[in-house]
Amino acid sequence: MKKKIIFSGIQPTGLLTIGNYIGALSQWKKLQKKYFCIYCIADLHALTIFQKKNMLSNNILDVLSICLASGINPKKSIIFIQSHVPQHTQLNWILNCFTNFGAIRRMTQFKEKIYLNKNINVGLFNYPILMAADILLYQTYKIPVGKDQIQHIELVRDIANRFNNIYGKKIFTIPKKKLHENYGSCIMSLLSPIKKMSKSDNNKNNIITLFDNDLTIRKKIQYAITDSDNPPNIKFDLKNKPGISNLLIILSNITEISIQKLECNFNNKNYYDLKEFVINNLCLFLNKLRKKFFFYRQNEILLKSIIIDGAQKAEKYAKITLEKVYNTIGLDI
Ligand code: AQP
């Protein structure tokens with residue numbers, strides 16, 4: 001039987017966080033067993049924030065190397081760079097013309113980003129429509145995403161349904177979201193565990209990047225907010241104990257020990273014990289990941305060949321959908 005298609009993307013906008021790893025990359029690896037996976041480094045999306053030339057090209061190679069180190073296998077899956085497949089921007093324009101202005105104005109991420117950004121460009125507004133083009137080009141069945149992307153996926157479904165209904169044909173597969181199975185869809189910030197951990201956070205004590213050294217990890221976890229329960233109570237409770245729950249989620253995902261088991265192991269222990277365990281396991285985990293990262297990152301010839309191969313494979317699929325769209329709307333002469 002033909003495998004169903006998974007599509008997901010990641011922006012090369014800086015050092016990835018443990019949130020990006022747990023919410024996206026670790027899932028991407030697992031999904032390769034059951035699905036045909038297409039993964040994209042979303043460099044065009046990254047341009048919605050000003051990027052310095054050398055930084056951007058370095059970040060692209062860094063993110064590709066991290067993907068490979070995380071277990072994305074380019075022999076099983078397609079991994080490619082968004083700007084190398086021109087059909088993304090071509091379909092993007094067409095979908096712009098099928099998207100309601102009001103619907104985009106309602107996007108929460110846009111509203112949040114315009115408060116944080118001095119550079120409020122049209123690309124920032126258009127971001128979810130380019131994302132729609134990314135997903136719909138590959139007739140995607142499911143999209144593994146973090147909770148922050150749920151509203152965007154709903155919009156993609158609306159755009160696809162609208163297009164299909166106007167022309168009375170199933171041009172696009174209507175994709176579904178796939179959330180993380182072990183609470184990893186939203187890793188929270190360390191000092192404020194009610195907001196998402198984000199790589200662009202100005203306060204770097206809020207985030208663990210995949211490149212933080214042991215000492216930095218120790219400091220950041222030591223400062224991480226827990227609560228003042230007395231006696232200390234290591235229980236998973238997202239509503240009342242967001243800081244402790246966030247640490248348990250991170251721990252469970254990097255050790256593959258279930259949250260229930262961790263709760264049992266830390267019964268009657270204090271927050272210092274929990275934090276020490278988190279620190280030791282994070283250091284161990286990230287050191288191993290980085291070793292694999294450096295193996296790929298130092299081999300630019302290999303990276304470049306993966307990039308070329310990925311773009312060729314992705315373009316083959318993207319062309320089929322774009323041609324269907326052109327034929328459907330009358331751009332086929
Ligand atoms: N905190 C998180 N917990 C779980 N998943 C997360 N993701 C991001 N943050 C978390 C997931 O990572 C994938 C790639 O994200 P992205 O880099 O394309 O954009 P993003 O969601 O905007 O990630 P950041 O870290 O917040 O980046 P900046 O700060 O540049 O905007 C997505 O699947 C996302 O859900």
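**Core, salt bridges and backbone**

Student: What makes Lys241 count as buried?

Tutor: Lys241 has a relative accessible area of 6%, and since the word buried applies under 20%, the residue falls on that side of the cut-off. The model is a predicted one, and the values discussed here are computed from it.

Student: How do you know that Asp227 forms a salt bridge with Lys241?

Tutor: The closest N and O atoms of Asp227 and Lys241 are 2.9 Å apart, and because the rule asks for a Lys or Arg side-chain nitrogen within 4 Å of a carboxyl oxygen of Asp or Glu, the pair qualifies. Asp227, for its part, is partly exposed, with a relative accessible area of 23%, whereas Lys241 is buried at 6%. Both residues lie in the loop between α9 and α10, so the pair ties together parts that are 14 residues apart in sequence. By this rule the count comes to 11 salt bridges.

Student: Why are Glu300 and Lys304 said to meet in a salt bridge?

Tutor: The N to O distance between their side chains is 3.6 Å, and because the limit is 4 Å, Glu300 and Lys304 are counted as a salt bridge. Both lie in helix α13, which covers residues 300–329, and their spacing of four residues corresponds to about one turn of the helix. Glu300 has a relative accessible area of 35% and Lys304 one of 43%; because partly exposed covers the range between 20% and 50%, that term applies to both. Their bridge also belongs to a network of salt bridges that links Asp62, Arg297, Glu300 and Lys304.

Student: What separates Lys313 and Asp309 along helix α13?

Tutor: Lys313 and Asp309 are four residues apart in that helix, which means a separation of about one helical turn. Their side chains meet in a salt bridge, with 3.0 Å from N to O. Lys313, at 31% relative accessibility, is partly exposed, and Asp309, with 34%, is partly exposed as well.

Student: Which residues of the largest nonpolar core touch the most other members?

Tutor: They are Ile18, Ile221, Leu274, Leu282 and Leu286, within a core of 61 residues. Helix α12 (residues 271–297) gives the largest share of this core, namely 10 residues.

Student: Why is this core said to lie between domain 1 and domain 2?

Tutor: Domain 1 (5–186 + 299–329) and domain 2 (204–294) both give residues to the core, and therefore the core lies between them. Another core lies apart from it and has 42 residues, among them Ile78, Phe98, Ala132 and Tyr138. As for the two domains themselves, their centres, taken over C-alpha atoms, are separated by 30 Å, while 16 residues of domain 1 are in contact with 20 residues of domain 2.

Student: Which residues is Leu274 in contact with, leaving aside its neighbours within four places in sequence?

Tutor: With that restriction, the contacts of Leu274 are Ile234, Ile244, Leu247, Leu248, Leu251 and Phe266.

Student: What makes Ile225 count as partly exposed?

Tutor: Its relative accessibility is 38%, and because that value falls between the bounds of 20% and 50%, Ile225 takes the intermediate term. Ile225 lies in the loop between α9 (214–223) and α10 (242–255). Together with Leu191 and Tyr223, Ile225 forms a nonpolar patch on the surface, with about 280 Å² of accessible area for the three together.

Student: What joins Asn230 and Pro231?

Tutor: They are joined by a cis peptide bond, with omega at about 0°, and Pro231 has its place in the loop between α9 and α10. Such a bond deserves a remark because most peptide bonds are trans.

Student: What is the phi of Glu256, and what of Asn268?

Tutor: Phi of Glu256 is near 60° and phi of Asn268 is near 70°, each a positive value in a residue other than glycine. These values are singled out because most residues other than glycine have a negative phi. Glu256 lies in the loop between α10 and α11 (259–265), and Asn268 in the loop between α11 and α12. The relative accessibility is 65% for Glu256 and 77% for Asn268, and because exposed means over 50%, both residues count as exposed.

Conventions
Residues are numbered from 1 along each chain as its sequence is written. This is a predicted model: local features need pLDDT of at least 70, side-chain atom pairs count only at pLDDT 80 or more; totals for chains, interfaces and linings use all residues. Side-chain values use heavy atoms; hydrogens and water are left out. A nonpolar core is a set of buried Ala, Val, Leu, Ile, Met, Phe, Trp, Tyr and Cys residues joined through side-chain atoms within 4.5 Å. Buried means under 20% relative accessible area, exposed over 50%, partly exposed in between (1.4 Å probe, protein chains only). Helices (H or I, at least four residues) and strands (E, at least two) are DSSP runs, numbered from the N terminus. Domain bounds come from an automatic or database domain assignment. Contact means heavy atoms within 4.5 Å. Patches are made of residues with over 30% relative accessible area and no salt bridge: like charges are joined within 9 Å, nonpolar side chains (Val, Leu, Ile, Met, Phe, Trp, Tyr) within 5 Å. Accessible areas come from the Shrake-Rupley method with a 1.4 Å probe; for residues, only the protein chains shown count as cover.
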